[in-house]
Amino acid sequence: MAEMEAICPPRRYRKGEAIFLLGDPAQGFFILMEGRVRLILPTTKGERTLALLGEGDIFGESFLTGKPAQTTTALVQSPQAVVCPVSREQFLEIARTLPEVALAFASLLAERIGQLTEEIARGALPAPVRVGRLLLNLGRRFGHLGKNGSILLDLDLSQEELGTFCGVTRVTVAQAFRLFRAEGVLERQGSGYVLYPDRLESLLETWEGL
């Protein structure tokens with residue numbers, strides 16, 4: 001990382017700042033070193049959240065596809081974020097001097113493709129299952145381990161924003177949350193939630209088998 005930072009120095013952003021906007025020139029990509037970044041797509045019905053990124057994630061890789069402009073907007077979702085911008089020229093230099101980093105980059109892109117394939121497959125599942133799978137993924141990635149195997153999840157995301165992740169409405173998310181609370185797999189705590197992942201996983205597997 002020290003060698004990479006010498007090639008492409010990191011930048012700091014505050015919550016709500018845009019790292020890039022939809023339509024900005026796609027001249028490189030970004031590595032998220034610290035914090036959380038939300039990728040959104042502005043639509044006629046408002047913003048649709050496509051992904052929530054955390055430490056180590058790569059985004060803004062549109063330049064690899066030959067597209068001249070960014071296809072999403074990237075906003076900082078955490079109190080602050082540290083991002084390492086990498087231009088096309090810097091990436092070529094990294095590939096020459098740090099080939100293991102280029103290999104890791106390729107592995108991350110392959111993993112992203114796998115995740116997108118899974119998300120497409122989940123699109124045919126019942127809405128509560130999609131919401132539950134989203135909560136499990138976010139909890140395992142961004143949550144904090146609590147008592148008795150529970151996970152504390154507080155990402156400052158509204159139910160409407162959670163719905164845009166899995167293609168359902170705010171009302172559908174609210175209904176799913178009521179089901180989860182009734183089944184004892186989810187509890188409200190302050191501005192966040194307590195998940196019981198083992199119980200939730202078992203419940204979702206039961207619903208998926210119906």
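Here are some friendly notes on this predicted model, taken element by element.

1. Let's start with strand S4 (residues 37-43). S4 runs antiparallel to strand S5 (residues 46-53), and seven bridges join the two. The link between S4 and S5 is a hairpin of two residues. For landmarks along the ladder, look for Leu41, which stands opposite Arg48 in S5, and for Pro42, which faces Glu47 in S5.

2. S4 also pairs with strand S7 (residues 73-76), again in the antiparallel sense, this time over four bridges. A handy place to check the register is Leu39, which stands opposite Ala74 in S7. As background, strands of a sheet pair through backbone hydrogen bonds, either parallel or antiparallel.

3. Ile58 deserves a brief stop. This residue sits in strand S6 (residues 58-59). Is Ile58 buried or exposed? Its relative accessibility is 7%, so Ile58 counts as buried, the cut-off being under 20%. If you want a distance to orient yourself, Ile58 and Pro128 are separated by 70 residues in sequence and by 29 Å in space, C-alpha to C-alpha.

4. Further along the chain there is an open sheet of four strands with antiparallel pairing, in the order S9-S10-S12-S11. Its edges are strand S9 (144-145) and strand S11 (186-189), each of which pairs on one side only.

5. The S11 and S12 pair is worth a closer look. Four bridges hold S11 and S12 in an antiparallel arrangement. Glu187 has Val194 in S12 as its bridge partner, while Arg188 is matched with Tyr193 in S12. Two residues lie between the strands in this hairpin, and Gly190 there takes a positive phi near 60°.

6. Two other backbone angles may catch your eye, as they belong to residues that are not glycine. Asn148 has a positive phi of about 55° and is found in the loop between S9 and S10. With a relative accessible area of 78%, Asn148 is exposed, since that value is over 50%. Asp156 has a positive phi of about 60°, and its place is the loop between S10 and H5. Asp156 is partly exposed, at a relative accessible area of 48%.

7. Now to helix H4 (127-142). Does its length agree or disagree with what one would expect from its residue count? At 1.5 Å a residue, the 16 residues of H4 should span 22 Å, and the C-alpha atoms at its ends are 22 Å apart, so the two values agree. Many positions in H4 are worth inspecting for burial: Val129, Arg130, Val131, Gly132, Arg133, Leu134, Leu135, Leu136, Leu138, Gly139 and Phe142 are buried. Note that Arg130 and Arg133 are among them. In general, an α-helix has 3.6 residues a turn, so residues three or four places apart point the same way.

8. What does H4 give to the largest nonpolar core? H4 gives seven residues, the most of any element. This core holds 28 residues, and Val131, Leu138, Phe177 and Phe180 touch the most other members. Besides H4, the elements giving two or more residues to the core are strand S10 (151-153), helix H5 (159-166), helix H6 (170-182), S12 and helix H7 (197-208). As a general tendency in soluble globular proteins, nonpolar side chains are buried together.

9. Finally, a word on internal space. How many cavities of 30 Å³ or more does the structure hold? There is one, and the space in this largest cavity is about 80 Å³. Its lining consists of Leu135, Leu138, Leu153, Asp154, Leu155, Asp156, Leu157, Leu162, Ser191, Gly192 and Tyr193. By class, seven of these lining residues are nonpolar, two are polar and two are charged. H4 and strand S12 (192-195) each supply at least two residues of the lining.

10. A few residues link the points above. Leu138 is buried in H4, is one of the residues that touch the most other members of the largest nonpolar core, and also lines the largest cavity. Asp156, with its positive phi, is part of the cavity lining as well. Tyr193 also belongs to that lining and is the bridge partner of Arg188.

Definitions and conventions
Residues numbered from 1 in each chain as written. Heavy atoms only, no water. Pairing = 2+ DSSP bridges. 1 Å grid on protein atoms, 1.4 Å probe; cavity = no way out; pocket = protein on both sides within 12 Å on 5 of 7 lines; lining within 4 Å. Points joined across faces, edges and corners; volume = space filled by probe spheres on them. Nonpolar A, V, L, I, M, F, W, Y, C, P; charged D, E, K, R; others polar. Expected span 1.5 Å × (residues − 1). Buried < 20%, exposed > 50% of the residue type's maximum accessible area, 1.4 Å probe, protein only. Core = buried A, V, L, I, M, F, W, Y, C linked by side-chain atoms within 4.5 Å.
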